[in-house]
Amino acid sequence: MNRNELRTKYNMLFPDDRIKAEAFDKIAENYYFCNFGEMSKSDFEVLLFSLYIDRILENSADDMQTYGDYFLSKYLGITQSRIRSLKEKKELKYPNSKFDWKSLFCNITKNARYENGKIKINIQDKNLYIEINNVITNAGGYIEQSLSPTLLTISPEYFINLILDISDETDRAKIISDIKEQLKKNNMDISKIENKTIGEYLAENKAEISTSLISELMNLIPVVGPSLSSLIKSAVQNTIH
C-alpha cells in the first residue's frame, strides 16, 4: 500500500478532531501525569495498536476481514505473527466491549468444512481462537493441532459441547433435551449421560454412533447446526457413492 492509501485509511478511522483528541488523551495519561518515560516501548506499541484496532471495531466489528491479520499487516507494515501477538496483548490490557466472540464464532461457522470426521473452520482472529480453545478444553475436549495457527480442527462431539457452552440457559436446556430424545430414538442408553457433558457421552460411545446420527444431532442446534448437518450429510453420501 502506498502512503496516500494509508493516510486515507487513517483519516477514515480518525475522521475528526474529537476522535483524535480522545486518542491523544489516552496517550497523555501515560506521559503527562508525573509518569513521563515510565511506559516501555512495547507497552506503548500495544496502546497505539489498541487505539487503532478499536476504531476499526467501532466501524465494522461484525466484519472480521477488516481487522484480519493480513490486512492489519499491510496497513501497519509488520508481520502477521506480530499482529497476532499484539492482538493478544491488546485484549488482555485493553479489552473491547464490542468484541462479542460468541456472535463472531456463530457467524463464521458458515465457512466450516467437514473432512475425515472433523469440523474445520478458519479463524483469523487470535483472540477468538483463544476463547474457543478455552471453552473446549475446560469442557474436557481438545483442538487438534495443525501447521496453520488459524485453523480450528475439532471433532463433532466437542463442537456440540462448544455450542452448548456458549448458548444461554434456555436454549441449552432445549438442545440437550432434543439431543437426548434423538439418541433415545436411535436406541442409545441415555442414562449414561448423567454427570457427563453431551460431548463426553458422544466421545465415549463413538463406536456406536454413526456419522448419520451426528448429522441428525447437529441439525438440532439452532443457527449453526443445520448448515453443518448438511456438510456432514453430504460427506456421508459421497462416501456411499
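**Entry 1: Asp125 and its surroundings**

I began with the contacts of Asp125. Leaving out residues up to four places away in sequence, I found that Asp125 touches Met64, Tyr67, Lys87 and Phe99. I note here that I am reading a predicted model.

Next I looked up where Asp125 sits. I found Asp125 in the loop between β2 (118-122) and α7 (126-138). Is Asp125 buried or exposed? Its relative accessibility is 4%, and the cut-off for buried is under 20%, so I put Asp125 down as buried.

I then checked the polar partners of Asp125. Its side chain makes a polar contact of 3.5 Å with the side chain of Lys87. A polar atom of the Asp125 side chain also lies 3.0 Å from the backbone nitrogen of Asn127. Lys87 therefore appears twice in my notes, because I have it both as a residue that Asp125 touches and as a side-chain polar partner of buried Asp125.

**Entry 2: helix α5**

Lys87 led me to α5, which covers residues 80-93. I counted 14 residues in this helix. From its first C-alpha to its last, α5 reaches 20 Å, close to the 20 Å expected at 1.5 Å a residue.

Which residues of α5 are buried? I listed Ile83, Arg84, Leu86, Lys87, Lys90 and Glu91. These residues cover an arc of only 165° around the axis, so they lie on the same side of α5. The general rule helps me here: an α-helix has 3.6 residues a turn, so residues three or four places apart point the same way.

What do the buried residues of α5 pack against? I found α3 (41-60), α4 (69-76) and α7.

**Entry 3: Thr66**

I went on to the link between two of those helices. Thr66 is in the loop between α3 and α4. I looked up its side chain and found two polar partners to record. One is the side chain of Ser60, in a polar contact of 2.9 Å. The other is the backbone oxygen of Asp63, which the Thr66 side chain reaches at 2.7 Å.

For contacts, I again left out residues up to four places away in sequence. On that basis Thr66 touches Ile56, Ser60 and Tyr75.

**Entry 4: the strands**

I returned to β2, the strand before the Asp125 loop. How many of its five residues are buried? I found four, so I wrote β2 down as mostly covered.

Strand β1 (residues 113-115) runs antiparallel to β2, and three bridges join them. I traced one pair: Tyr114 has Ile119 of β2 as its bridge partner. The two strands form a hairpin with two residues between them. In the turn I noted Asn116, which has a positive phi of about 50°.

β2 also pairs with strand β3 (residues 151-154). This pairing is antiparallel too, over four bridges. Here Ile119 has Ile154 of β3 as its bridge partner. Ile119 thus bridges to Tyr114 and to Ile154.

**Entry 5: the whole chain**

Last, I stepped back. I counted twelve helices and three strands in the chain. The radius of gyration is 22 Å, well over the 18 Å that the globule rule gives for 241 residues, so the chain is more spread out than a compact globule. Along the principal axes, the C-alpha atoms fill a box of roughly 70 × 40 × 30 Å.

How much of the chain counts as buried? I noted 42% of the 241 residues. I also looked at contacts with a separation of 6 or more. Of these, 57% come from residues 24 or more positions apart.

Technical notes. Residues numbered from 1 in each chain as written. Predicted model: local features only at pLDDT ≥ 70, side-chain atom pairs only at ≥ 80, totals over all residues. Heavy atoms only, no water. Buried < 20%, exposed > 50% of the residue type's maximum accessible area, 1.4 Å probe, protein only. Polar contact = N/O pair within 3.5 Å; in protein donor to acceptor, adjacent residues only side chain to side chain. Contact = heavy atoms within 4.5 Å. Pairing = 2+ DSSP bridges. Expected span 1.5 Å × (residues − 1). Arc of directions from axis to C-beta. Rg over C-alpha atoms; globule rule 2.2 N^0.38 Å.
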